[in-house]
Amino acid sequence: MKKIFIPTPLDEIIQLPKDVTHHVLHVFRHNMEKPITVTGSDNRCGIYQITEEVDGLAQAKLIEYVESDASSYRTILVQSLLKGEKLEWVLQKATELNVDTIYLVSTANCVAKYDDKKLQSKVSRWEKIMLEAAQQCGRNQLPTLVVGEKLSQVLAIEDDAFKLVAYENEEGHTIKIALESIHSNQNITDILICIGPEGGYQEKEINAIIESGGKSVSLGNTILRAETAAIGSLAMIQYELEL
């Protein structure tokens with residue numbers, strides 16, 4: 001079933017924006033006789049039947065509301081800024097892996113450098129990539145993208161989360177061991193993983209994460225590229241805790 005998101009709350013009758021209407025009816029060539037799944041800005045989800053298109057705007061009627069699939073845990077990715085397509089790939093695949101929140105932070109060894117103006121101009125493109133990925137994979141809620149916070153600020157905001165940091169020099173403590181310990185603690189609901197940039201974290205950044213309560217973990221016997229580490233770690237978390 002075709003999945004879309006609209007920037008307004010759901011109701012018995014809704015109107016799809018022009019760009020969404022164009023995509024659904026003229027790019028995707030959706031048959032109006034078939035229902036679609038819609039999530040609104042109020043995070044409710046419903047099944048709708050498109051009834052007509054007037055001046056490029058589709059009208060749709062509610063068939064039924066549906067319950068969102070709630071995960072047992074909230075997954076948070078703290079990703080240092082990466083160059084161009086690498087970052088876009090991480091955002092797309094992290095969305096498909098059902099991440100709840102993504103923080104993009106600038107750390108000491110980041111190759112990608114953005115001033116505030118350029119960074120904000122990128123946000124709309126990144127959000128579009130995540131929107132398209134969410135629609136493609138059929139998830140009912142969009143992940144939250146947070147840009148501009150410092151690593152120290154993110155660690156403070158997510159103070160109650162179970163924090164992990166992927167570190168290539170970690171030898172004894174694997175992500176598997178760390179995640180297995182969660183099962184015995186029913187108070188843990190938020191899982192946060194920190195992934196460094198192409199040049200890795202500086203030791204002082206690793207220490208700051210550990211001092212905030214984080215655990216340094218290994219993702220395996222090989223050193224992974226930053227984008228591989230991000231997606232690999234999210235897949236490991238999903239496998240251990242949700243499957």
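**Exercise 1. Classify Lys176 and Glu180 by accessibility, then describe their contact.**

Step 1. Lys176 has a relative accessible area of 49%, so Lys176 is partly exposed. The scale runs: buried under 20% relative accessible area, exposed over 50%, partly exposed in between (1.4 Å probe, protein chains only).

Step 2. Glu180, at 38%, is partly exposed.

Step 3. Their side chains form a salt bridge, 3.2 Å from N to O. The term means a side-chain nitrogen of Lys or Arg within 4 Å of a carboxyl oxygen of Asp or Glu.

Step 4. Both residues sit in helix α5 (residues 175-180), 4 residues apart, so about one helical turn separates them. Helices (H or I, at least four residues) and strands (E, at least two) are DSSP runs, numbered from the N terminus.

The model is predicted: local features need pLDDT of at least 70, side-chain atom pairs count only at pLDDT 80 or more, and totals for chains, interfaces and linings use all residues. Residues are numbered from 1 along each chain as its sequence is written, and side-chain values use heavy atoms, without hydrogens and water.

**Exercise 2. Trace the salt-bridge network that includes Arg74.**

Step 1. Arg74 pairs with Glu158, with the closest N and O atoms 2.7 Å apart. Arg74 lies in strand β6 (residues 74-80) and Glu158 in the loop between α4 (151-157) and β9 (162-166), so the bridge ties together parts 84 residues apart in sequence.

Step 2. Asp190 also bridges to Arg74, at 3.2 Å between the closest N and O atoms. Asp190 belongs to strand β10 (residues 190-195), so this pair joins parts 116 residues apart in sequence.

Step 3. Arg74 is partly exposed at 25%. Glu158 is buried at 6%, and Asp190 is buried at 18%.

Result: Arg74, Glu158 and Asp190 form a network of salt bridges.
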